[in-house]
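Biologist: Could you walk me through this one, contact by contact? I'll ask, you reason it out.

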Amino acid sequence: MDIQLDEAAIRALTRHQAVHKAVVDTAEQGAEFARSIAPVDTGRYRDSIKVREDDDGAEIVSDVDYADDLEYGNRHMPGQHIFGRTLDSLRSSGQP
């Protein structure tokens, strides 16, 4: 079976006001959870966790240069998987 996605229709659906609001609201919930489990030394990482939205949706981001090390670890420390745990939390709470 060959399945073809209608990308224009998907894009139109994600740009629908109600869908976009639901996506942004879910991202905000996720960002709040991520900040609540973020390690705090100076608070810079925790405070950098934000929701970035555009016409196609929203994403939870951190712009500190060591965010990847905190997420995945490095040779000095294991990963803390803040964003992975956030996704797990959203999924277990019934979010997409």
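**Polar and aromatic contacts**

Biologist: Which residue's side chain makes a polar contact with the side chain of S62?

Modeller: Bear in mind that this is a predicted model. S62 sits in the loop between β2 and α4. Its side chain makes a polar contact of 2.6 Å, and the partner is the side chain of S48.

Biologist: Is S62 buried or exposed, and at what relative accessible area?

Modeller: The cut-off for buried is under 20% relative accessible area. S62 falls below that cut-off, so S62 counts as buried, with a relative accessible area of 18%.

Biologist: And where is S48 found?

Modeller: S48 is the other end of that 2.6 Å side-chain contact with S62. S48 counts as buried too, at 9% relative accessibility. As for its place, S48 is found in helix α3.

Biologist: Leaving out residues up to four places away in sequence, which residues does S48 touch?

Modeller: S62 shows up in the list, as the polar contact between the two side chains would suggest. With sequence neighbours up to four places away left out, the residues touched by S48 are V61, S62, D63 and V64.

Biologist: Same filter for S62: which residues does S62 touch?

Modeller: S48 has to be there, given the 2.6 Å side-chain contact. Skipping residues up to four places away in sequence, S62 touches Y45, S48, I49, A67 and F83.

Biologist: How many aromatic pairs are there?

Modeller: The rule asks for ring centres within 6.5 Å. By this rule the count of aromatic pairs is one.

Biologist: What kind of pair do Y45 and Y66 form?

Modeller: Their ring centres are 6.4 Å apart, with 40 degrees between the planes. Under 30 degrees counts as stacked and over 60 as edge-to-face. An angle of 40 degrees fits neither, so the pair is tilted.

Biologist: How many residues apart in sequence are the parts that the Y45 and Y66 pair ties together?

Modeller: Y45 lies in helix α3 (residues 44-48), while Y66 is in the loop between β2 (57-61) and α4 (67-72). The pair therefore ties together parts whose separation in sequence is 21 residues.

Biologist: What are the relative accessible areas of Y45 and Y66?

Modeller: The two rings' residues fall in separate classes: Y45 is buried, whereas Y66 is partly exposed. For Y45 the relative accessible area is 2%, and for Y66 it is 26%.

**Salt bridges**

Biologist: How many salt bridges are there?

Modeller: The pairs include D25 with K21. D47 with R46 is one of them too. By the N and O distance rule, the count of salt bridges is three.

Biologist: About how much of the helix separates D25 and K21?

Modeller: The closest N and O atoms of D25 and K21 are 2.7 Å apart. Both residues belong to helix α2 (residues 17-37). They are four residues apart there, so the separation is about one helical turn.

Biologist: How far apart are the closest N and O atoms of D47 and R46?

Modeller: D47 is partly exposed at 42% relative accessible area, and R46 is partly exposed as well, at 28%. The closest N and O atoms in this salt bridge are separated by 3.0 Å.

Biologist: Which residue forms a salt bridge with R52?

Modeller: R52 counts as partly exposed at 48% relative accessibility. Its partner is partly exposed too, at 41%. The closest N and O atoms are 2.9 Å apart, and that partner is E59.

**Surface and backbone**

Biologist: About how much accessible area does the patch of M1, I3, L5 and I10 have together?

Modeller: I10 is in helix α1 (residues 7-14) and counts as partly exposed at 42% relative accessibility. Patch members need over 30%, so I10 clears that cut-off. Together, the four residues make a nonpolar surface patch with an accessible area of about 550 Å².

Biologist: What value is phi of H81 near?

Modeller: H81 is in the loop between β4 (77-78) and α5 (82-92), and is partly exposed at 39% relative accessible area. Its phi is positive, in a residue other than glycine, and near 50 degrees.

Biologist: Last one: how far apart in space are S89 and F33, C-alpha to C-alpha?

Modeller: S89 is in helix α5 and partly exposed at 23% relative accessibility. S89 and F33 are 56 residues apart in sequence, and their C-alpha to C-alpha distance is 8.2 Å.

Notes: Residues are numbered from 1 along each chain as its sequence is written. This is a predicted model: local features need pLDDT of at least 70, side-chain atom pairs count only at pLDDT 80 or more; totals for chains, interfaces and linings use all residues. Side-chain values use heavy atoms; hydrogens and water are left out. Helices (H or I, at least four residues) and strands (E, at least two) are DSSP runs, numbered from the N terminus. Buried means under 20% relative accessible area, exposed over 50%, partly exposed in between (1.4 Å probe, protein chains only). Patches are made of residues with over 30% relative accessible area and no salt bridge: like charges are joined within 9 Å, nonpolar side chains (Val, Leu, Ile, Met, Phe, Trp, Tyr) within 5 Å. Accessible areas come from the Shrake-Rupley method with a 1.4 Å probe; for residues, only the protein chains shown count as cover. A salt bridge is a side-chain nitrogen of Lys or Arg within 4 Å of a carboxyl oxygen of Asp or Glu. Rings of Phe, Tyr and Trp (its six-membered ring) pair if their centres lie within 6.5 Å; planes under 30 degrees apart count as stacked, over 60 as edge-to-face and the rest as tilted. A polar contact is a pair of N or O atoms within 3.5 Å; within protein, one must be able to donate a hydrogen and the other to accept it, and residues adjacent in sequence count only if both atoms are side-chain atoms. Contact means heavy atoms within 4.5 Å.
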